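Me: Please take a close look at one part of this model, the largest pocket. I should also like to see that part set against the rest of the chain.

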Amino acid sequence: MKKTSSWTALPYGLWLILFVLIPLGLIVWQSFFDIQGNITLDNYKAYFSSSNAIYLKMSLNSIIYAALITFITLIIAYPTAFCLTRLKHKQLWLMLIILPTWVNLLLKAYAFIGIFGNSGALNSFLGFFGVAPQQILFTDFAFVFVASYIEIPFMILPIFNALDDLDANLINASRDLGASNWQTFTKVIFPLSIGGIRSGVQAVFIPSLSLFMLTRLIGGNRVITLGTAIEQHFLTTQNWGLGSTIGVVLILAMLLVMWVTKARVRT
């Protein structure tokens with residue numbers, strides 16, 4: 001049995017080494033080289049320099065946008081998942097919510113460009129009420145809206161699973177003991193679904209830290225995040241060392257988020 005278990009774990013181990021550990025190691029290694037290929041710590045000095053706080057501002061912007069997107073998706077996803085668990089064909093409705101994730105991200109971004117553009121569907125609709133065309137595209141609102149729309153299925157799914165796995169006997173026992181619906185929700189349902197909320201926050205907040213395609217297409221370069229900076233350094237300035245340094249910082253930030261949101265066992 002031990003030999004069988006070790007052999008079945010081999011593909012996972014190879015995948016982990018080839019596509020996770022080695023790429024991460026290359027990013028860390030590249031972060032210690034400047035644009036001329038010399039070993040240096042200048043990339044980290046440039047990032048954390050107090051006199052040039054560009055990257056620190058980008059970091060703050062990334063955190064703010066990611067937190068806002070996560071908050072919006074959570075506020076919408078929790079009641080949605082709660083209602084889904086009480087529907088007759090809940091798995092069918094869940095599949096319909098997840099279905100947009102099968103569509104390519106680029107296609108969805110271009111669809112929203114058509115919707116939010118000056119001559120798009122939304123401005124055409126407003127025109128029926130005599131409202132002049134509004135600049136909706138290339139704004140913070142458009143970026144947050146589209147990012148929240150794209151990320152919301154990843155918040156709904158873990159919360160739905162957590163709520164759907166709740167033991168109905170616990171809820172019935174709460175009501176038998178005289179608890180109101182609100183008390184049952186706050187004292188039983190919500191605490192038992194915290195695990196799903198944690199997973200949803202990780203699934204939304206971490207990818208939102210490194211968004212760059214939407215910042216280009218929907219934010220129109222008015223929204224600057226760490227993902228945008230990494231893209232610029234790798235594709236435009238060719239300063240792979242500084243781009244890798246930002247990548248290392250981003251990875252550490254993601255690990256910190258995972259540590260903060262992980263489940264803790266009370267002793």
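Reply: The account below begins with the basis of the model and the chain as a whole, turns to the pocket, and ends with selected residues elsewhere.

The model is predicted: local features require a pLDDT of at least 70 and side-chain atom pairs count only at pLDDT 80 or more, whereas totals for chains, interfaces and linings use all residues. Residues are numbered from 1 along each chain as its sequence is written, and side-chain values use heavy atoms, with hydrogens and water left out.

The protein chain contains 13 helices and 0 strands. Both kinds of element are DSSP runs numbered from the N terminus, a helix being H or I over at least four residues and a strand being E over at least two. Along the principal axes, the C-alpha atoms occupy a box of roughly 70 × 70 × 35 Å. The chain has 267 residues, of which 36% are buried; the term buried applies under 20% relative accessible area, exposed over 50%, and partly exposed in between, with a 1.4 Å probe and protein chains only. Its accessible surface is about 16300 Å², and carbon and sulfur atoms account for 70% of that area. These areas come from the Shrake-Rupley method with a 1.4 Å probe, and for residues only the protein chains shown count as cover.

Contact here means heavy atoms within 4.5 Å. When contacts between residues at least 6 apart in sequence are taken, 68% of them link residues at least 24 apart.

The pocket itself now follows. Rolling a probe the size of a water molecule over the atoms shows where empty space is left. A pocket is defined on a 1 Å grid over the protein atoms alone, as an open set of points with protein on both sides within 12 Å along at least five of seven lines; a lining residue has an atom within 4 Å of a point. The volume of the largest pocket is about 270 Å³, a volume being the space filled by probe spheres set on the points, which are joined across faces, edges and corners. Its lining consists of 13 residues, and those nearest its centre are L24, G247, L250, I251 and M254. Two helices, α1 (2–30) and α13 (240–261), each contribute at least two residues to this lining. The greatest contribution is that of α13, at 8 residues.

Helix α13 also holds S244. At a relative accessible area of 3%, S244 is buried. Setting aside residues up to four places away in sequence, S244 touches I27, Q30, S31 and F234. Q238 is in the loop that joins α12 (226–235) to α13. Most residues other than glycine have a negative phi. For Q238, phi is near 60 degrees, a positive value in a residue other than glycine. Q238 is partly exposed, with a relative accessible area of 43%.

F138 also has a positive phi, near 65 degrees, and is likewise not a glycine. F138 belongs to the loop between α6 (121–127) and α7, and its relative accessible area of 32% makes it partly exposed. Within helix α6, L126 is partly exposed at a relative accessible area of 23%. Beyond its neighbours within four places in sequence, L126 contacts V131 and Q134. The C-alpha atoms of L126 and Y55 are 39 Å apart, with their positions 71 residues apart along the chain.

Helix α7 (residues 140–164) includes M155, and D140 is found in α7 as well. M155 is buried, with a relative accessible area of 0%, whereas D140 is partly exposed at 41% relative accessibility. Residues up to four places away in sequence again being left out, M155 touches T70, T73, L74, A77, G200, V201 and V204. With the same exclusion, D140 touches Y65 and V223. D140 and V257 are 117 residues apart along the chain, and their C-alpha atoms are separated by 24 Å.

Finally, the charges: the chain carries 16 positive and 9 negative side chains, and the centres of these two sets are 6 Å apart. Lys and Arg count as positive and Asp and Glu as negative, while His and the chain ends are not counted. Each charge is placed at NZ of Lys, CZ of Arg, CG of Asp or CD of Glu.

Methods
1 Å grid on protein atoms, 1.4 Å probe; cavity = no way out; pocket = protein on both sides within 12 Å on 5 of 7 lines; lining within 4 Å.
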